[in-house]
Amino acid sequence: MSILVTGSAGFIGSNFVRLLIDATREHIVSLDALTYAGNMDNLVNVPSDRHTFIHGNICDEQTLTEVFRDHAIKKVVHFAAESHVDRSIMSSGPFIQTNVVGTQRLLDASKSHGVEAFVHVSTDEVYGTLNLTEPAFTEQHHIQPNSPYSASKAASDLLVRSYVETFDFPAMITRCSNNYGPYQFPEKLIPLMIHNAKNNRPLPVYGDGSNIRDWIHVSDHCKGVLCVMDKGKAGEVYNIGGHSELKNIDIVHQIIDACGADSSLIQFVTDRPGHDFRYAMDIEKIKRELGWAPEVSFSDGLSSTIQWYADNSDWLEKIINGDYQNYYKEQYQ
Ligand code: NAD
Ligand code: TDX
């Protein structure tokens, strides 16, 4: 029997595959379309006797039929998605295709096959935004997405919910805050700032930099997802967060200091349209019911992440020298 991981060549999916290798004895079947964000280099050193990689798209019913026909899949952990808010503002079509249509196709294939558990990996962004004084999001908070990305994730969450209610389908939803750590694509705040600071390039801060995110190291997120896969209750939603709320500008200053860069590199640029002001997660439910809690402090996690990017400059340069250049020009110039 195997575990199917979708989006396994992306940032969090590849970290999760590595965790499954270390923490379980299961065979892993992983499926990824290798979009701009998918990278086989993220899966180097994953032992092939424990892992079967399939290059394929979750929107493609034929591919899914073959995956479930050829492998005895008992559990599904669904990471595959278009994941970057700025790209969803440039063009929302791929987000609807993968995040909504792809999730529906995967749900149908998983239902027909009769899987034991399906973990849908979602995000805090489906809850919308908070001001400075509002309490952190609980699982009961209303769904009020503000970007095409978060709207597509919210739509997928609602589809998952409907399969639980209508078909008694054994799905659980996790909603996590902002991840950082090894193998994150450099379009996201932390790796982008690390790369630019190291290379003496401008550091583009949206608006005045006062927006707040709740940061979690990817290893803690992956352990939370594994805990839900093993111990979660069908039909439940579990928030996952790092208990680490920080303003963007403060993170940029920490990166500047750690990289020995100059703060004159900071450039305040036009704000992201519909930019959510603050995310904060109430994680009492998963702590109480499943015994999970984050372990990595932001300062330790940031130092090790900066070190990882320094030690893996080839990995980063390969990405930076590809299509990323075109994206960067369109987004920042
Ligand atoms: P990512 O963009 O790094 O990786 C996404 C992966 O999905 C890539 O490997 C890509 O090739 C693959 N993919 C995209 N479309 C596909 C398709 N149609 N079929 C098969 N594979 C496809 O994203 P990430 O940051 O690793 O996020 C993974 C999941 O976690 C997403 O569902 C995201 O919404 C969620 N999430 C991310 C964060 C975060 O901070 N990054 C926080 C909370 C939740
Ligand atoms: O160049 C930048 N300058 C900047 O000020 C970038 C890329 C970002 N920002 C700001 C925008 C946000 O307030 O930094 C903050 C973090 O931005 P991102 O890294 O793009 O993350 P965010 O938009 O918060 O969404 C992330 O967390 C939730 C992930 O990309 C999502 O996949 C996840 O669901």
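A cavity is a set of grid points where a 1.4 Å probe fits but cannot get out, computed over the protein atoms alone. In this predicted model, a search of the whole structure finds one such cavity of 30 Å³ or more. Its volume is about 50 Å³.

The lining of this cavity is formed by V85, E125, N146, S147, R213, R272, G274, H275, D276 and Y279. By class, two of the lining residues are nonpolar, four are polar and four are charged. Domain 1 (2–179 + 216–240) and domain 2 (180–213 + 244–275 + 299–321) each contribute at least three residues to the lining.

Ligand 2 is surrounded by 20 residues. The nearest are E125, Y149, R272, H275 and Y332. E125, R272 and H275 also belong to the cavity lining. Two side chains make polar contacts with ligand 2. A polar side-chain atom of R272 lies 2.6 Å from a ligand oxygen. For H275, a polar side-chain atom is likewise 2.6 Å from an oxygen atom of ligand 2. The backbone takes part through L189, with a polar atom 2.8 Å from a ligand oxygen. Ligand 2 exposes 660 Å² when taken alone, and the protein buries 94% of that area.

The shell around ligand 2 comprises eight nonpolar, seven polar and five charged residues. Strand β8 (residues 203–206) provides the largest share, three residues. As with the cavity lining, domain 1 and domain 2 each supply at least three residues of this shell.

Ligand 1 has a shell of 28 residues. I12, D32, S83, Y149 and K153 are the closest. Y149 is also among the residues nearest to ligand 2. Polar contacts to ligand 1 involve both backbone and side chain. A polar backbone atom of I12 is 2.8 Å from a ligand oxygen. At I58, a polar backbone atom lies 3.0 Å from a nitrogen atom of ligand 1. The side chain of K153 places an N or O atom 2.7 Å from an oxygen atom of ligand 1. Taken alone, ligand 1 exposes 830 Å², of which the protein buries 96%.

Several secondary-structure elements build the shell around ligand 1. Helices α1 (11–23) and α5 (148–167) each supply at least two residues, as do strands β5 (117–123) and β7 (178–180). Strand β5 gives the most, with three residues. The shell around ligand 1 holds 13 nonpolar, 13 polar and two charged residues.

Note on methods. Residues numbered from 1 in each chain as written. Chains lettered and ligands numbered in written order. Predicted model: local features only at pLDDT ≥ 70, side-chain atom pairs only at ≥ 80, totals over all residues. Heavy atoms only, no water. Near = heavy atom within 4 Å. Polar contact = N/O pair within 3.5 Å; in protein donor to acceptor, adjacent residues only side chain to side chain. Areas by Shrake-Rupley, 256 points an atom, 1.4 Å probe, with all protein chains shown as cover. Helix = DSSP H or I, 4+ residues; strand = E, 2+ residues; numbered from the N terminus. Nonpolar A, V, L, I, M, F, W, Y, C, P; charged D, E, K, R; others polar. 1 Å grid on protein atoms, 1.4 Å probe; cavity = no way out; pocket = protein on both sides within 12 Å on 5 of 7 lines; lining within 4 Å. Points joined across faces, edges and corners; volume = space filled by probe spheres on them. Domains from an automatic or database assignment.
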